[in-house]
Amino acid sequence: MRVGIVGVLVVALAGVAAPFAAQNEAPATLTAAAPEATVALDRAREAAAGLGRDLLARLSAELAAGGPVSATRVCAEVAPALAAAHSRDGLTVYRVSARPRNPAGRPDPWEAAELERLAAQLRAGEMPAEVSAVVTTEDGPVLRYLKPLRIVTPCLRCHGDPATFSPELTAALAERYPADEGVGYREGDLRGAISVTVPLTAATAP
Ligand code: HEC
């Protein structure tokens with residue numbers, strides 16, 4: 001049973017990695033054509049791909065070694081550490097969800113609006129592989145970037161119908177996440193996104 005799950009996860013990983021590599025054209029929402037914004041977009045893509053890849057690798061290894069209860073540790077402890085490791089030189093990267101398991105994953109207003117738009121686009125069958133925009137903040141202009149995360153089969157072990165969870169998993173999740181909203185998903189659903197913010201110099205303000 002475990003072997004089967006890991007096999008599916010590895011296949012899913014390959015499926016997730018391919019679109020990361022295929023995004024070379026600038027998305028329509030990028031409003032600044034300045035070279036700084038192009039460099040920032042490349043950095044955002046690299047950070048999102050790196051975090052996604054590392055997380056899936058750790059998750060599949062942990063599922064193989066200890067099953068879903070111990071793999072929840074990866075999400076709880078390793079995910080924030082990996083996000084911090086991929087956040088450097090002013091760039092920040094982390095995961096968000098409109099229905100977070102960990103309240104720390106709740107989106108800010110820009111992320112919430114974009115996630116809602118992505119969900120609507122997914123329902124219409126035309127969700128883009130990424131979203132980016134130059135946004136002005138108190139600290140100056142930043143490039144904001146979202147890489148949508150969709151539910152693939154192995155995610156259902158921990159984000160699917162709670163009635164399918166083992167009592168041990170239910171107990172482990174309840175202990176750590178009393179306000180868990182990250183359940184009840186079905187395959188193909190939009191689970192959330194990897195969110196990246198890259199500061200731009202004042203010269204690149206839109
Ligand atoms: C072994 C159980 C498990 C599996 C399998 C799993 N997750 Fe999670 N996921 C968690 C836990 C636990 C958290 C909360 C992490 C934390 O405390 O920061 C989480 C958090 C997240 C978050 C951050 C936002 C939030 O809700 O807190 C996203 C996004 C996410 N998972 C997506 C996925 C996707 C996509 C998959 C499938 C590729 C997946 N997860 C597979 C257990 C799992």
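**Close-up 1. V135 and its bridge partner in strand 3 of the predicted model.** V135 is bridged to V142, a residue of strand 3. Strand 3 covers residues 140-150 and runs antiparallel to strand 2. The two strands are joined by 7 bridges.

**Close-up 2. The open sheet of 4 strands.** Strand order in this sheet is 1-4-3-2, and the pairing is antiparallel. Strand 1 (92-96) and strand 2 (131-137) form the edges, each of them pairing on one side only. On average, neighbouring strands are turned by 25° against each other, direction ignored.

**Close-up 3. Helix 3 across the sheet strands.** Helix 3 is made of residues 109-123. Strand 1, strand 2, strand 3 and strand 4 are the strands that helix 3 lies across. Relative to strand 4, helix 3 runs at about 135°.

**Close-up 4. The shell of residues around the ligand.** The ligand is surrounded by 25 residues, of which A71, C75, G105, C155 and C158 are the closest. Two or more shell residues are given by each of helix 2 (35-86), helix 4 (156-159) and strand 4 (190-199). Strand 4 also belongs to the set of strands that helix 3 lies across.

**Close-up 5. Helix 2 and the make-up of the ligand shell.** Helix 2 supplies 8 residues, the largest share of the shell around the ligand. Sorted by class, the shell consists of 14 nonpolar, 7 polar and 4 charged residues.

Technical notes. Residues are numbered from 1 along each chain as its sequence is written. This is a predicted model: local features need pLDDT of at least 70, side-chain atom pairs count only at pLDDT 80 or more; totals for chains, interfaces and linings use all residues. A residue is near a molecule or strand if its C-beta atom, placed from the backbone, lies within 6 Å of it. Ala, Val, Leu, Ile, Met, Phe, Trp, Tyr, Cys and Pro count as nonpolar, Asp, Glu, Lys and Arg as charged, and the others, Gly among them, as polar. Two strands pair if DSSP finds at least two bridges between them. Axes are lines fitted to C-alpha atoms, for helices over the stretch in contact, and angles run from 0 to 180 degrees between N-to-C directions. Two residues are in contact if their C-beta atoms, placed from the backbone, lie within 7 Å.
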